[in-house]
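Trainee: I should like to take a close look at a single part of this structure. May I put a request to you once it is displayed?

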Amino acid sequence: SFCKWWVCDADTQSIELFQLSVKENEGMDHVFLKNMGRSRSHHWHSFDSDDEIQKLVADRKIPVLEIPAVDSSVLSRVRGAGLKLSDVVEDKKLEKVDLSTHMRIRGWLERCSNVLAGVLTLDAVKPDRKKAEAKVES
């Protein structure tokens with residue numbers, strides 16, 4: 001089955017589009033990802049306290065997950081070097097990045113993986129791991 005992964009940074013329009021997608025695609029599973037790298041906990045108050053959204057999420061058994069933030073200075077160093085996250089992780093000899101950047105990116109990817117692993121085992125949502133990985137990379 002197909003699963004729609006909705007990444008959001010607490011933008012009202014994005015949340016409204018998410019609601020519309022869920023309502024228009026009743027047969028499709030959804031996963032809602034709060035991008036904490038582009039938002040903070042207090043930005044989610046309206047989402048978390050909206051009865052209509054919470055009923056929709058509960059009725060459709062939609063996982064709501066928080067993707068942790070990574071330090072912006074670390075991302076700036078990676079982007080400044082023209083690297084992909086996979087380049088940083090694969091740089092075991094630390095030829096492209098320093099140890100701190102390498103460890104922070106690895107740690108962040110592991111935390112993200114742990115968050116996503118929970119949803120990949122839920123009965124309500126069974127996305128194909130390879131397809132999900134391919135979409136994340138593209």
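Trainee: At roughly what angle do the axes of helix α4 (residues 72-80) and helix α6 (residues 99-120) cross? Please describe this part closely, and then the sheet.

Mentor: Please bear in mind that this is a predicted model. Two packed helices are described by the angle between their axes and the distance between the axes. For helix α4 (residues 72-80) and helix α6 (residues 99-120), the axes cross at roughly 110° and come within 10 Å. Angles of 65 to 115 degrees count as roughly perpendicular, so α4 is roughly perpendicular to α6. The crossing in which α4 passes α6 is left-handed. On the α4 side, V74, L75, R77 and V78 make the contact, and they meet S100, T101, R104 and I105 of α6. By character, the residues of this contact comprise four nonpolar, two polar and two charged.

Turning to the sheet, three strands form an open arrangement in the order β1-β2-β3, with parallel pairing. The edges are occupied by β1 (3-8) and β3 (64-67); each has a single partner strand, so one side of each lacks a neighbour in the sheet. On average, neighbouring strands of this sheet are turned by 25° against each other, direction ignored. Strand β2 (residues 29-35) runs parallel to β3 and is joined to β3 by four bridges. Within this pairing, F32 has V64 of β3 as its bridge partner. Helix α1 (residues 12-24) packs on the sheet, where α1 touches β1 and β2, and the direction of α1 makes about 165° with that of β1.

Terms used: Residues numbered from 1 in each chain as written. Predicted model: local features only at pLDDT ≥ 70, side-chain atom pairs only at ≥ 80, totals over all residues. Heavy atoms only, no water. Axes fitted to C-alpha atoms, helices over the stretch in contact; angles between N-to-C directions. Helix = DSSP H or I, 4+ residues; strand = E, 2+ residues; numbered from the N terminus. Parallel < 35°, antiparallel > 145°, perpendicular 65-115°, else oblique. Left-handed = near helix turned anticlockwise from the far one by under 90°. Contact = heavy atoms within 4.5 Å. Nonpolar A, V, L, I, M, F, W, Y, C, P; charged D, E, K, R; others polar. Pairing = 2+ DSSP bridges.
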